[in-house]
Amino acid sequence: GAGLHLLILLPLTGHSVILLSSIWVYLINFVILGAYSFALQVATGSWEYVAANVPNFLAGQVFIVAFVQMAVNEERARKEVEKLVKNLSEANIQLREYADQIETLTLTQERARLAREIHDGLGHYLTTINMQLQAAMAIIHRDKKRALVTLTNAQMMTKEALAEVRRSVLELRETTEYSESVVDKIRKLTENSN
């Protein structure tokens, strides 16, 4: 009769919100309200006393359900945010790894292309120039005119080879600048998303 009976049943209301789904929360709290009403009727034998105290208990139930539900929702949202932050961090790490792999792959492909170009272009020129120089050396004492033509051809091939090397280096510089800017852009994107 001192009002402490509220303190006995209201914690059950809070636990029902934490432990049960919304439909069950309302059903269980209806049962708790009924049990409270029944207990008051048995203890006092007065329906007037039950009618006077049930609205207070119901108000307490509504208050507890509302605030515990807000706390539960906030905790769930906090856990979801933490999970999303963790997933985002993992995605950023993967994106950085992919950017590093792209950079490595790009550099490897560019080196392979340059090696092919040197082998195919410059290697061909050097082989031809070497053969012409050997031919000129072999015939220089017998046919100076023909040796001079062969040396002139070798000199022209040397100029062509130099032009080819310059073209390859210029193309390599342009490709390197382009690939670096792409890698830098990817790196900036991953850093900005942190």
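1. A helix here is a DSSP run of H or I with at least four residues, numbered from the N terminus. The expected span of a helix is 1.5 Å times one less than its number of residues. Helix H2, residues 22-44, has 23 residues, and from its first C-alpha to its last it reaches 33 Å, close to the expected 33 Å.

2. A word on the model before going on: it is predicted, with local features needing pLDDT of at least 70 and side-chain atom pairs counting only at pLDDT 80 or more, while totals for chains, interfaces and linings use all residues. Residues are numbered from 1 along each chain as its sequence is written, and side-chain values use heavy atoms, leaving out hydrogens and water.

3. Which residues of H2 are buried (under 20% relative accessible area, 1.4 Å probe, protein chains only)? They are Val 25, Asn 29, Ile 32, Leu 33, Tyr 36, Ser 37, Leu 40 and Gln 41. An α-helix has 3.6 residues a turn, so residues three or four places apart point the same way. Just after H2, Gly 45 takes a positive phi of about 70°.

4. Next, the largest nonpolar core (buried Ala, Val, Leu, Ile, Met, Phe, Trp, Tyr and Cys residues joined through side-chain atoms within 4.5 Å). Its nine residues are Leu 9, Leu 10, Ile 32, Leu 33, Tyr 36, Leu 40, Val 50, Val 54 and Phe 57. Helices H1 (5-19), H2 and H3 (47-139) each supply at least two of them, and the largest share, four residues, comes from H2.

5. Have a look at Thr 13 in helix H1 too. Thr 13 counts as buried because its relative accessibility is 0%. Leaving aside neighbours within four places in sequence, Thr 13 is in contact (heavy atoms within 4.5 Å) with Asn 29, Ile 32, Gln 61, Ile 64 and Val 65.

How values were computed:
Helix = DSSP H or I, 4+ residues; strand = E, 2+ residues; numbered from the N terminus. Buried < 20%, exposed > 50% of the residue type's maximum accessible area, 1.4 Å probe, protein only.
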